[in-house]
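Work through the exercises below with the sequence and the model side by side. Each task is followed by a solution in steps.

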Amino acid sequence: DGVTPLHLACAHGNADLVGELITKKARVGQIQKDGTTTMMIAAARGDVKIMDMLRRKGASINRRNDKNM
């Protein structure tokens, strides 16, 4: 399904873990099989802190997934 530890950390709003995973070179642009990205997950939660962390590391803000998010 393409879910990574970074996707899960974003889904749970764990900014500390997101930061640690990014530091360890987690791919911020990794896409799940349905097209969902880490940025979409953070945005769905309204988690501006994580969204900013992802954006600063190059995550796209313009992608859409199969759910038209």
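Read along the sequence, the protein has the pattern α-α-α-α. This is a predicted model, in which local features need pLDDT of at least 70 and side-chain atom pairs count only at pLDDT 80 or more, while totals for chains, interfaces and linings use all residues. Residues are numbered from 1 along each chain as its sequence is written, and side-chain values use heavy atoms, with hydrogens and water left out.

**Exercise 1. Overall description**

Task: State how many helices and strands the protein has, and what percentage of its residues count as buried.

Solution.
- Step 1. Helices (H or I, at least four residues) and strands (E, at least two) are taken as DSSP runs, numbered from the N terminus. The protein has four helices and zero strands.
- Step 2. Buried means under 20% relative accessible area, exposed over 50%, and partly exposed in between (1.4 Å probe, protein chains only). Of the 69 residues, 38% count as buried.
- Step 3. A contact means heavy atoms within 4.5 Å. Taking contacts between residues at least 6 apart in sequence, 65% join residues at least 24 apart.
- Step 4. By the Shrake-Rupley method with a 1.4 Å probe, where for residues only the protein chains shown count as cover, the accessible surface comes to about 4,400 Å². Carbon and sulfur atoms account for 50% of that surface.

**Exercise 2. The two sides of α2**

Task: Decide which residues of α2 are buried and which elements they pack against.

Solution.
- Step 1. The buried residues in α2 are Ala-15, Val-18, Leu-21 and Ile-22.
- Step 2. These residues lie on the same side of α2 because they cover an arc of only 125° around the axis, the arc being that of the directions from the helix axis to the C-beta atoms.
- Step 3. Asp-16 and Thr-23, on the other side of α2, are exposed.
- Step 4. The packing partners of the buried residues of α2 are α1 (5–11) and α4 (48–56).

**Exercise 3. The nonpolar core**

Task: Find which residues of the largest nonpolar core touch the most other members.

Solution.
- Step 1. A nonpolar core is a set of buried Ala, Val, Leu, Ile, Met, Phe, Trp, Tyr and Cys residues joined through side-chain atoms within 4.5 Å.
- Step 2. The largest such core has 15 residues, and Leu-6, Cys-10, Val-18, Ile-50 and Leu-54 touch the most other members.
- Step 3. Two or more residues each come from α1, α2, α3 and α4, and α2 gives the most, with four.
- Step 4. Leaving aside residues up to four places away in sequence, Cys-10 touches Val-18, Thr-38, Ile-41, Arg-45, Ile-50 and Leu-54.
- Step 5. In α3, the residues Thr-38, Met-39, Met-40, Ile-41 and Ala-42 are buried. The buried residues of α3 pack against α1 and α4.

**Exercise 4. Loop residues and positive phi**

Task: Compare Lys-25 and Thr-37: is each buried or exposed?

Solution.
- Step 1. Lys-25 lies in the loop between α2 (15–23) and α3 (38–45), and Thr-37 is also in the loop between α2 and α3.
- Step 2. Lys-25 counts as exposed because its relative accessibility is 71%. Thr-37 has a relative accessible area of 6%, so Thr-37 is buried.
- Step 3. The side chain of Thr-37 reaches the backbone nitrogen of Met-40 at 3.2 Å.
- Step 4. The phi of Lys-25 is near 75°, a positive value in a residue other than glycine. Just after α3, Gly-46 also takes a positive phi, of about 70°.

**Exercise 5. Salt bridges in α4**

Task: Identify which residues are linked in a network of salt bridges.

Solution.
- Step 1. A salt bridge is a side-chain nitrogen of Lys or Arg within 4 Å of a carboxyl oxygen of Asp or Glu. The whole structure contains two.
- Step 2. One joins Arg-55 and Asp-52 at 2.5 Å, N to O. Both residues lie in helix α4, three residues apart, about one turn of the helix.
- Step 3. Arg-56 also forms a salt bridge with Asp-52, with the closest N and O atoms 3.0 Å apart. Arg-56 and Asp-52 are separated by about one helical turn because they are four residues apart in helix α4.
- Step 4. Asp-52, Arg-55 and Arg-56 are therefore linked in a network.
- Step 5. Arg-56 is exposed at 55% relative accessible area, whereas Arg-55 at 46% and Asp-52 at 28% count as partly exposed.

Terms used:
A polar contact is a pair of N or O atoms within 3.5 Å; within protein, one must be able to donate a hydrogen and the other to accept it, and residues adjacent in sequence count only if both atoms are side-chain atoms.
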